[in-house]
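Visitor: I have a structure open in front of me, and I would like to learn how to read it one step at a time. Could you go through it with me?

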Amino acid sequence: MKMKSEHVEHLFDLSGRVAVVTGGGGGLGSAIAIGLAGAGASVVVLDINQELADNVVQEIRSNGGEARAMTCNVTVKSDFEEVSRTLDKIDILVNSAGTTSRHAAEDFPEDIYDRIIATNLKGSFMSCQIFGRRMLDKNSGSIINMASIGSSIAYPHTTAYLQSKGGVAQMTRSLALEWISRGVRVNAIAPSLFDTPLVRASENKVQLTSDFIMARTPIGRKGDPLEVVGPAIFLASDAASMVTGHLLQVDGGYLIN
Ligand SMILES: NC(=O)c1ccc[n+]([C@@H]2O[C@H](COP(=O)([O-])OP(=O)(O)OC[C@H]3O[C@@H](n4cnc5c(N)ncnc54)[C@H](O)[C@@H]3O)[C@@H](O)[C@H]2O)c1
């Protein structure tokens, strides 16, 4: 006999929620933006690359979803403030804007180091701070940061990236602790290697980092961007109402050992 539970039916329903996705034109960000729209959210796709963001919005709308795109450089605080001003409310925030570059630590160029930290770490924090205030004002919200297996372990030629992702993990915990009593949950997704433009561009220059990671990934393959959608909907939704400060490993078993 089939039993339908209203509680279960609505656990993952994001209807009526407004979701903001930074880096929403990218590999993981676009999959998440489209996924959140599929779960009922109205999605604001932010990216430094307006064309990428527009394409995602078009795809969401052509599937009957609600979305709009805005240009936002996560290293520019006033860009966040401008986006925030245009929104009536923000229920869900996904920080997926990110960058990397592979170099030996002893030769790591300072300008690239600064760009990676500014984008991945400070950019995520500025986003949490400015959009988080909106959530605190109404005592509810769910923030999802993009951490990495590199928040917890090391691989070669990515020291700036690993530093930034270690910081994202600690930022997630610190905000989760400060904001839980005010209705705002803060979690992170920690992927292993996924097949995205970022990874493909990195591999065109330096392959050894990916070889190191793949040799230690028990599932034996890269992730497909669609495989972060379920984890993102879960963390965004009421199904995760008791979950905060958590790094959800989406890593094909990398961190088992
Ligand atoms: N792909 C992976 O294997 C993997 C693994 C772990 C974590 N991550 C993280 O997931 C996030 C998304 O990565 P991805 O693989 O989808 O990369 P991606 O390059 O496909 O997407 C990143 C997006 O961020 C945008 N962006 C870059 N700099 C920006 C800025 N200053 N302001 C606004 N937007 C900017 C880019 O235009 C791009 O659309 C990143 O934080 C990345 O570190 C990715």
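Visitor: How many bridges join strand 2 to strand 3?

Guide: In this predicted model, strand 3 covers residues 66–71 and runs parallel to strand 2. One of the pairings can be followed by eye, since Val 43 has Ala 67 of strand 3 as its bridge partner. The number of bridges that join strand 2 to strand 3 is 6.

Visitor: Which helix belongs to the β-α-β unit that strand 2 and strand 3 make?

Guide: The unit that contains strand 2 and strand 3 is right-handed. Its helical part is formed by residues 50–62, which are helix 3.

Visitor: In which sense do strand 1 and strand 2 pair?

Guide: Strand 1, made of residues 18–22, shares 4 bridges with strand 2, and Val 18 stands opposite Ser 42 in strand 2. Between these two strands the chain passes through helix 2, in a β-α-β crossover that is right-handed. The sense in which strand 1 and strand 2 pair is parallel.

Visitor: How many of the residues of strand 2 are buried?

Guide: In a regular strand the side chains alternate between the two faces of the sheet. On one side of strand 2, Ser 42, Val 44 and Leu 46 are buried, and on the other side Val 43, Val 45 and Asp 47 are buried as well. For strand 2, residues 42–47, the count of buried residues is therefore 6 of 6.

Visitor: How many residues of the shell around the ligand are charged?

Guide: Among the 31 residues around the ligand, those that come nearest include Gly 23 and Thr 196. The shell divides into 13 nonpolar residues, 17 polar ones and, as charged residues, 1.

How values were computed: Residues are numbered from 1 along each chain as its sequence is written. This is a predicted model: local features need pLDDT of at least 70, side-chain atom pairs count only at pLDDT 80 or more; totals for chains, interfaces and linings use all residues. A residue is near a molecule or strand if its C-beta atom, placed from the backbone, lies within 6 Å of it. Ala, Val, Leu, Ile, Met, Phe, Trp, Tyr, Cys and Pro count as nonpolar, Asp, Glu, Lys and Arg as charged, and the others, Gly among them, as polar. A residue is buried if 20 or more other C-beta atoms lie within 10 Å of its own, exposed if 12 or fewer, and partly exposed in between; C-beta atoms are placed from the backbone. Two strands pair if DSSP finds at least two bridges between them. A crossover is right-handed if, with the strands pointing away from the viewer, the path from the first strand over the helix to the second runs clockwise.
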